[in-house]
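Please open the model in your viewer and keep the selection panel at hand. The stops below are arranged so that each selection leads on to the next.

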Amino acid sequence: MYTVIKRMEVSASHRLNLSYRSKCENLHGHNWIITVYCRSEELNADGMVVDFTHIKEVVMGQLDHQNLNDVLPCNPTAENIARWICDRVPHCFKVEVQESAGNTVVYEKD
Ligand SMILES: Nc1nc2c(c(=O)[nH]1)N=C([C@H](O)[C@H](O)COP(=O)(O)OP(=O)(O)OP(=O)(O)O)CN2
Ligand SMILES: [Zn+2]
């Protein structure tokens, strides 16, 4: 079994739509540290599970320096960001989204 791990820093903005009053309803930014895990028993013809560059294109290409409310079709919480990435990267089984030093979400496929 091979595991590819790609870590990236995404600078972006968001505002959360919440059912309670919160400062997070206001537009603000984070430097999210995003770690993507991909796993496969087999390598492709290029000898890879998935190219690091492809993972970067999916994540950075679509999220970096964007307003995540304009990109995700749902509330851009760390949980939804993690799921959104996992659904788009080939062979991805886990995504960690660290919003700040003390706040991290992990999404894993069943
Ligand atoms: N489960 C989640 N909780 C919260 C999320 C989230 O995505 N998932 N997101 C937010 C907001 O993005 C908010 O901007 C977080 O702001 P922050 O200042 O980091 O939050 P805290 O004050 O709780 O963090 P400290 O590290 O304690 O300063 C809020 N919640
Ligand atoms: Zn936030």
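Begin by selecting His14, His28 and His30, the positions at which an unreviewed UniProt entry places the feature "binding site". Why may these three be treated as one spot? They span 17 residues in sequence, yet no two of their C-alpha atoms are more than 8.3 Å apart, so they gather in one place. Bear in mind throughout that the model is predicted. The mean pLDDT of the protein is 98, and 100% of its residues reach 70 or more. For the complex, the predictor reports an ipTM of 0.91 and a pTM of 0.96.

**His14 and His30**

Keep His14 selected and display strand β1 (residues 2–14), in which His14 is found. Is His14 buried or exposed? His14 counts as buried, because 23 C-beta neighbours lie inside 10 Å and the threshold for burial is 20 or more. Next, add Asn67, Leu68, Asn69 and Pro76 to the selection: His14 touches these residues, when residues up to four places away in sequence are not counted.

Move to His30, which is found in strand β2. His30 has 19 C-beta neighbours inside 10 Å and therefore counts as partly exposed. Leaving aside neighbours within four places in sequence, His30 is in contact with Ala12 and Glu99.

**The sheet**

Now show the strands alone. How many strands does the open sheet have, and in what order? The sheet has four strands, ordered β1-β2-β3-β4, with antiparallel pairing. At its edges are β1 and β4 (103–108), each of which pairs on one side only. Direction ignored, neighbouring strands of this sheet are turned by 15° against each other on average.

Select β3 and β4 together. A hairpin joins β3 to β4 through two residues, and the two strands pair in the antiparallel sense over six bridges. To inspect one such position, pick Glu96, whose bridge partner in β4 is Val106.

**Helices on the sheet**

Add α1 to the display. This helix packs on the sheet, touching β1 and β2, and its direction makes about 15° with that of β1. Then add α3, which lies across β2, β3 and β4 and runs at about 150° to β3.

**The nonpolar core**

With the helices still visible, turn to the largest nonpolar core. In soluble globular proteins, nonpolar side chains tend to be buried together. Here the core has 21 residues, of which Ile34, Val36, Ile85 and Val95 touch the most other members. The elements giving two or more residues to this core are β2 (28–40), α1 (52–63), α3 (78–86) and β3 (92–100). Which element gives the most? The answer is α3, with five residues.

As a last selection, take Ile85. Which residues does Ile85 touch, not counting those up to four places away in sequence? They are Ile34, Val36, Val59 and Val95. Colour Ile34, Val36, Ile85 and Val95 alike to mark the core members that touch the most others.

Notes: Residues are numbered from 1 along each chain as its sequence is written. Chains are lettered from A and ligands numbered from 1 in the order in which they are written. This is a predicted model: local features need pLDDT of at least 70, side-chain atom pairs count only at pLDDT 80 or more; totals for chains, interfaces and linings use all residues. A nonpolar core is a set of buried Ala, Val, Leu, Ile, Met, Phe, Trp, Tyr and Cys residues joined through C-beta atoms within 7 Å. A residue is buried if 20 or more other C-beta atoms lie within 10 Å of its own, exposed if 12 or fewer, and partly exposed in between; C-beta atoms are placed from the backbone. Two residues are in contact if their C-beta atoms, placed from the backbone, lie within 7 Å. UniProt positions are given in the numbering used here, feature names are shortened, and annotations may be inferred rather than shown by experiment. Two strands pair if DSSP finds at least two bridges between them. Axes are lines fitted to C-alpha atoms, for helices over the stretch in contact, and angles run from 0 to 180 degrees between N-to-C directions. pLDDT is the predictor's confidence in each residue, from 0 to 100.
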